[in-house]
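Let's take a walk through this fold together. Have the sequence and the model open side by side, and follow along.

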Amino acid sequence: MKALVVLACVVLAALATPTKPSLKEAKVVRVVPHTEEQLHHLHQLLLQGRYDFWQEPRGLNTPVDIMAALRDLPGLAATLSGRGLKPTVMIHDVGRLVEQQTVERLQHHTRAMDWHNYHDYNTINAWMAQLASDHPDLCQLEKVGTSYEGRTMNLLTVGSGGADKPGIFIDGGIHAREWISPATVTYMVNELVTNRDTYSDLLSSVNFYVMPSINPDGYQYTFTDDRMWRKTRSDTNSPFGCKGADPNRNWDFHWNEVGASSSPCSDIYAGSAPFSEVEMRVVRDEIIRLGSKIKVYLTFHSFSQLWMYPWGYTSALPDDWQDLDNLAQDAVSALTAVHGTRYEIGSSTNTIYAAAGGSDDWAKGVGGVKYAYTVELRDQGSYGFLLPASQIIPSGEETFEALKVVANFVKNTYSK
Ligand SMILES: [Zn+2]
């Protein structure tokens, strides 16, 4: 009986949480462009910013997922069918799915960190502090900055070989709504630390520099106000009250040249200037401070199951792209071997439309990190950003195998 009352309270509390009206009966539809003209039209729609793109146009015969509020659906359907694009529905009612997942999350909620559930920013920070205090010889936690709204940003260093060892810089959560990213990053750190004897060889040869949630204000906002929020939460002086910039369009390398918007209301707003967003300056400064010790930069997003390398600002490839491709192939093979999850490895052939200002481009182009990757985690659109929590562990397991390949590569190549 008591359990029922508790459950009823949880459900009522969840239903009372204001779901943005725009999500109620909002749908995610998929179209697949087969001609250059269709692809161009979709790209124009993205830049216009009227619809929320869950998967941006990347190339011919590659799916594009678009969310539209109920009232905007007829308009979207008309503009798509005008170009001969036939939408199919991927998610019938985004609002209902968000509500269901909120109820589930609150039912299973514990303050302690685990990987059966998604956790908010404070829980992740508290878990990192605990890890550092439980394993002082392996983990160091440093406050490296403060977010726009005043949240502490920490860098967790995991390694036992000393500061001179080669390192891998890992970040997650740059886009607020991509919850599987911080969840997967923290899963991997937990695996390394709690099985430290198994990985002692790796841990004494390679340092892991980890920031699991580098858009703290946006991430927290997805727990409290808008599950579909993507950007930071800074003021933009927009007359419409639009907030935040796309932190992955904000880096100072070919900034705002292509595939980004100058409108503060756009989800791909590049910001008022390069590095206008304090959180990105914090991450940038850590990459600069660590300098040539960083051999690999990994930034985790969702979704689409892609393992991509620069450049994002142009379809041209870096001179050493073959090196990056080889390591990506090895990492993805190990990933797929775990649960059969297929990833595509990104190159210019499937990124006809460029997007400038991304962190991986900066890491390679300015930061001097040879192996810079953007990884788009699960899934391929069945749930998109609303990936069920039951997939955190499988995602963590498979991605950890890829990370081990990368770490062994760093150890064998750079560690003496
Ligand atoms: Zn993203």
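What follows goes through a sheet, the helix lying across it, and then a pair of helices.

Keep in mind that this is a predicted model. Start with the sheet: it is open, has four strands, and reads β2-β3-β1-β4 in order, with antiparallel pairing. At the edges sit β2 (52-55) and β4 (88-91), each of which pairs on one side only. Going from one strand to the next, the twist averages 35 degrees.

Now step across the strands from the β2 edge. Three bridges connect β2 with β3, and the two run antiparallel. To find this pairing on screen, look for Phe 53, which stands opposite Ile 66 in β3. Next comes the pairing of β3 with β1, again antiparallel, over five bridges. Here Lys 27 is a handy marker, standing opposite Ala 68 in β3. Finally, β1 (residues 27-31) pairs with β4 in the antiparallel sense, over three bridges. In that pairing, Val 29 stands opposite Val 89 in β4.

It's worth pausing on β3. How many of its five residues are buried? Five of the five are, so β3 is largely enclosed by the rest of the structure; the cut-off for buried is under 20% relative accessible area. The side chains split two ways: Val 64, Ile 66 and Ala 68 point one way from the strand, while Asp 65 and Met 67 point the other way, and all are buried. So that buried set includes Asp 65 as well as Met 67, given that buried means under 20% relative accessible area.

What lies across these strands? Helix α2 (residues 36-48) lies across β1, β2 and β3 (64-68). Its direction is about 125 degrees to β2.

Further along the chain, turn to helix α5 (residues 121-134) and helix α6 (residues 180-194). They pack at an angle of about 15 degrees, and their axes are 12 Å apart. Angles under 35 degrees count as roughly parallel, and α5 and α6 are therefore roughly parallel to each other. The crossing in which α5 passes α6 is left-handed.

Which residues make the contact? From α5 come Ile 124, Trp 127 and Leu 131, and from α6 come Pro 182, Thr 186, Val 189, Asn 190 and Val 193. Sorted by character, the residues of this contact between α5 and α6 comprise six nonpolar, two polar and no charged.

Notes: Residues are numbered from 1 along each chain as its sequence is written. This is a predicted model: local features need pLDDT of at least 70, side-chain atom pairs count only at pLDDT 80 or more; totals for chains, interfaces and linings use all residues. Side-chain values use heavy atoms; hydrogens and water are left out. Axes are lines fitted to C-alpha atoms, for helices over the stretch in contact, and angles run from 0 to 180 degrees between N-to-C directions. Angles under 35 degrees count as roughly parallel, over 145 as roughly antiparallel, 65 to 115 as roughly perpendicular and the rest as oblique. A crossing is left-handed if the near helix is turned anticlockwise from the far one by less than a right angle, and right-handed if clockwise. Contact means heavy atoms within 4.5 Å. Ala, Val, Leu, Ile, Met, Phe, Trp, Tyr, Cys and Pro count as nonpolar, Asp, Glu, Lys and Arg as charged, and the others, Gly among them, as polar. Two strands pair if DSSP finds at least two bridges between them. Buried means under 20% relative accessible area, exposed over 50%, partly exposed in between (1.4 Å probe, protein chains only).
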